[in-house]
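Hi everyone, thanks for coming. Today I'd like to walk you through a structure that may be new to you, so let's put it on the screen.

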Amino acid sequence: MYKTSAWPLALTYAALIVYASLYPFTGWRNQGVGAIAFLWSPLPKYWTGFDIAANLVGYAPLGVLLALSYLRRSSARWLPTSNLASVIAATLGATLLSFTLEVLQTYLPWRVASNLDFGLNVAGAFLGALMAALLELAGAIDRWSRFRVRWFVENARGALVLLALWPFALLFPAAVPLGLGQVLERLEETLADWLQDTPFLEWLPVREVELQPLVPAAELLCVALGALVPCLLAFSIIRSPARRAAVAASVVLGGAAVTALSAALSWGPTHAWSWVTMPVRLGFGAGFLLSLMALWVPRRGCAALVLLALVVHLAVLNQAPTGAYFAQTLQTWEQGRFIRFHGLAQWLGWLWPYIALVYVLLRVSRREPPSRIAP
């Protein structure tokens, strides 16, 4: 029985929407406004096309994932009303989430509850759910199911979810291309702030030498491992070497494209490829070549190699500072128009490698059932 990946993706996306909607989680207080007064308040006088697009598009993936979860889990999927029921269920679920968050925003001085935002969120979720239902009627969902059976092993849901989230994790600007999980410096600063004026501040280890920027060879290694890790993760659930090669090429090219998009969003379209230095080019090439060398490695061996590559990648990456340009970009995301996507991408970029680490640890620590489908 192949379990759907739509449900865990829907839960993950909903959690990230909660973070993005309530960030920075400070200053909670009663502002003397009714919790649901935003419903009948006048429409906002000032709004931009970006605000409308962000609210409309932001909830569309949630509608798609909730509807797909309903379609894949519904025991009455064959009934003519199943697609309609999936649209209704997904829209109601997204409506409840959006309404709850708008109510909570009335207690946050940094946020403004808006009936326009609420309406756009519901409309976006409805359009997403409708798209999922139309894809089901067109047979696209069944074709995906057959494709998944041919390409992937039975217990592939966890890896598929991680691979689906990887491009979104790359959207948040990183100090090193494909350098997900660089949290040591910011974690130390956060802990120091929390423990300020307490005796526990002395418990924090004092670094004798300041973090130094990565030398070109170390940057090359980080980029290569950053490209290799998702390739090996995919190899751990893919059956044939030919399909592995196709996925490896897609992962490397997709990682480069998303990194260029992140640079364009951060510094402008003219700087979309300014991050492509010599170590970065060699790192992408080395990562792809290493993935080709692993095409015939057994799936369990690929999972073990993911574990090794992640440990080395995180160890090297977290020995370097984020840098002044990264801090400036971070401020742009936190205070500018990207505030709506700040939590969505930032937490994915921070946590993706560590979640993948836990996943592969569980994979290699248990016996996998034999494959029921011939390669």
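I'll begin with the whole chain, then go to its core, and finish with one pair of helices.

A word of caution before we start: this is a predicted model. The chain has 13 helices and 0 strands, so as you follow the ribbon from the N terminus, you meet one α element after another. Of its 375 residues, 44% are buried. Now look at how the chain folds back on itself: among contacts between residues at least 6 apart in sequence, 84% link residues at least 24 apart. On the outside, the chain exposes about 19,600 Å², with carbon and sulfur atoms supplying 71% of that area.

Let's go inside. The largest nonpolar core holds 79 residues, and among those with the most contacts within it are Tyr59, Leu233, Phe284 and Trp352. Which helix gives this core its largest share? That's helix H8, residues 216–235, with 11 residues.

Please zoom in on Trp352. Setting aside neighbours within four places in sequence, Trp352 touches Leu162, Leu165, Trp166, Ala169, Leu180, Val229, Leu233 and Trp347.

Finally, back to H8 and its partner H10, residues 278–293. Their axes come within 7 Å and cross at roughly 35°, and the crossing of H8 and H10 is right-handed. On the H8 side, the residues involved include Leu220, Val223 and Phe235, while H10 brings, among others, Leu282, Phe284 and Leu290. The residues of this contact divide into 14 nonpolar, 3 polar and 1 charged.

That's my tour, thank you!

Terms used: Residues are numbered from 1 along each chain as its sequence is written. This is a predicted model: local features need pLDDT of at least 70, side-chain atom pairs count only at pLDDT 80 or more; totals for chains, interfaces and linings use all residues. Side-chain values use heavy atoms; hydrogens and water are left out. A nonpolar core is a set of buried Ala, Val, Leu, Ile, Met, Phe, Trp, Tyr and Cys residues joined through side-chain atoms within 4.5 Å. Buried means under 20% relative accessible area, exposed over 50%, partly exposed in between (1.4 Å probe, protein chains only). Helices (H or I, at least four residues) and strands (E, at least two) are DSSP runs, numbered from the N terminus. Contact means heavy atoms within 4.5 Å. Axes are lines fitted to C-alpha atoms, for helices over the stretch in contact, and angles run from 0 to 180 degrees between N-to-C directions. A crossing is left-handed if the near helix is turned anticlockwise from the far one by less than a right angle, and right-handed if clockwise. Ala, Val, Leu, Ile, Met, Phe, Trp, Tyr, Cys and Pro count as nonpolar, Asp, Glu, Lys and Arg as charged, and the others, Gly among them, as polar. Accessible areas come from the Shrake-Rupley method with a 1.4 Å probe; for residues, only the protein chains shown count as cover.
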